[in-house]
Amino acid sequence: MAVTISVTVLLAIIAILLIRARRTTLGTAVIVWLSGFTTASTGLADPVNTVLAAVAHLFHH
């Protein structure tokens, strides 16, 4: 469990640093952070995957 939490927290920190350095937008940083839940396979992975798939579906049509 410690590994899955650390991956999610690590990606959240990276997202915050990217925003502060003005290297990315808030939307992109949120997607980076949300992908941490998927990568870490936390309990939120399934709902996050569903939301990301719905958003991707909107942009492909």
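This is a short tour of the predicted model, stop by stop, for use in a viewer. Residues are numbered from 1 along each chain as its sequence is written, and side-chain values use heavy atoms, with hydrogens and water left out. Because the model is predicted, local features need pLDDT of at least 70 and side-chain atom pairs count only at pLDDT 80 or more, whereas totals for chains, interfaces and linings use all residues.

Begin with the whole chain in cartoon view, where there are three helices and zero strands (helices are DSSP runs of H or I with at least four residues, strands runs of E with at least two, numbered from the N terminus). Switch to a surface view, and the accessible surface comes to about 4,600 Å², with 72% of it belonging to carbon and sulfur atoms (Shrake-Rupley method, 1.4 Å probe; for residues, only the protein chains shown count as cover). Of the 61 residues, 20% are buried, meaning under 20% relative accessible area, where exposed is over 50% and partly exposed lies in between (1.4 Å probe, protein chains only).

Next select I19, L26, V30 and W33, which form a nonpolar surface patch with about 340 Å² of accessible area together; such a patch takes residues with over 30% relative accessible area and no salt bridge (a side-chain nitrogen of Lys or Arg within 4 Å of a carboxyl oxygen of Asp or Glu), with nonpolar side chains (Val, Leu, Ile, Met, Phe, Trp, Tyr) joined within 5 Å and like charges within 9 Å. Helix 2, residues 26-40, gives the most to this patch, with three residues. Within helix 2, pick V30, which counts as partly exposed because its relative accessibility is 35%.

Finally, move to L44 in the loop between helix 2 and helix 3 (45-60), where L44 is partly exposed at 45% relative accessible area. Add L34 to the selection: L44 and L34 are ten residues apart in sequence and 9.2 Å apart in space, C-alpha to C-alpha.
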